[in-house]
Amino acid sequence: MQAKLQEQLSPADAEVILRCLPERIKAALVARAAEIEYPIAISIANFLDTEALGFVDCKPGRGQ
């Protein structure tokens with residue numbers, strides 16, 4: 001069976017990722033989500049690319 005590629009991270013998947021991260025990184029992503037008033041998934045994409053509004057346009061390292 002081939003995996004289906006998704007261009008969005010579900011809230012449940014974002015929570016799984018958060019649980020795997022060190023507490024200080026998790027806290028930073030949660031704080032960033034609150035700051036930009038977007039879900040955690042967007043916060044993760046924005047952490048990787050400060051100009052990204054989601055994973056569709058995420059280019060890690062851009063805008064840093």
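**Helix packing and salt bridges**

Student: How do α1 and α3 lie to each other?

Tutor: In this predicted model, helices α1 (residues 11-20) and α3 (residues 40-48), numbered from 1 along the chain, pack with their axes (lines fitted to C-alpha atoms over the stretch in contact) 8 Å apart. Local features here need pLDDT of at least 70, side-chain atom pairs 80 or more, and side-chain values use heavy atoms, leaving out hydrogens and water. Helices are DSSP runs (H or I, at least four residues). The angle is about 60 degrees, outside roughly parallel (under 35), roughly perpendicular (65 to 115) and roughly antiparallel (over 145), so α1 and α3 are oblique.

Student: How many salt bridges does the structure hold?

Tutor: A salt bridge puts a Lys or Arg side-chain nitrogen within 4 Å of an Asp or Glu carboxyl oxygen. One of them joins glutamate 23 and lysine 26 at 3.5 Å, three residues apart in helix α2 (residues 23-36). In α2 there's also glutamate 35 with arginine 32, at 2.7 Å. The total is four.

Student: Is aspartate 49 buried or exposed?

Tutor: Aspartate 49 pairs with arginine 62 at 2.6 Å. This pair links distant parts of the chain, 13 residues apart, in the segment after α3. Arginine 62 has 27% relative accessible area, so it's partly exposed, meaning between buried (under 20%) and exposed (over 50%), with a 1.4 Å probe. Aspartate 49 sits at 0%, so it's buried.

Student: Which residues do salt bridges with shared partners join into one network?

Tutor: Start from the bridge between aspartate 49 and arginine 62. Shared partners make a network of Asp49, Glu51 and Arg62.

Notes. Axes are lines fitted to C-alpha atoms, for helices over the stretch in contact, and angles run from 0 to 180 degrees between N-to-C directions. Helices (H or I, at least four residues) and strands (E, at least two) are DSSP runs, numbered from the N terminus.
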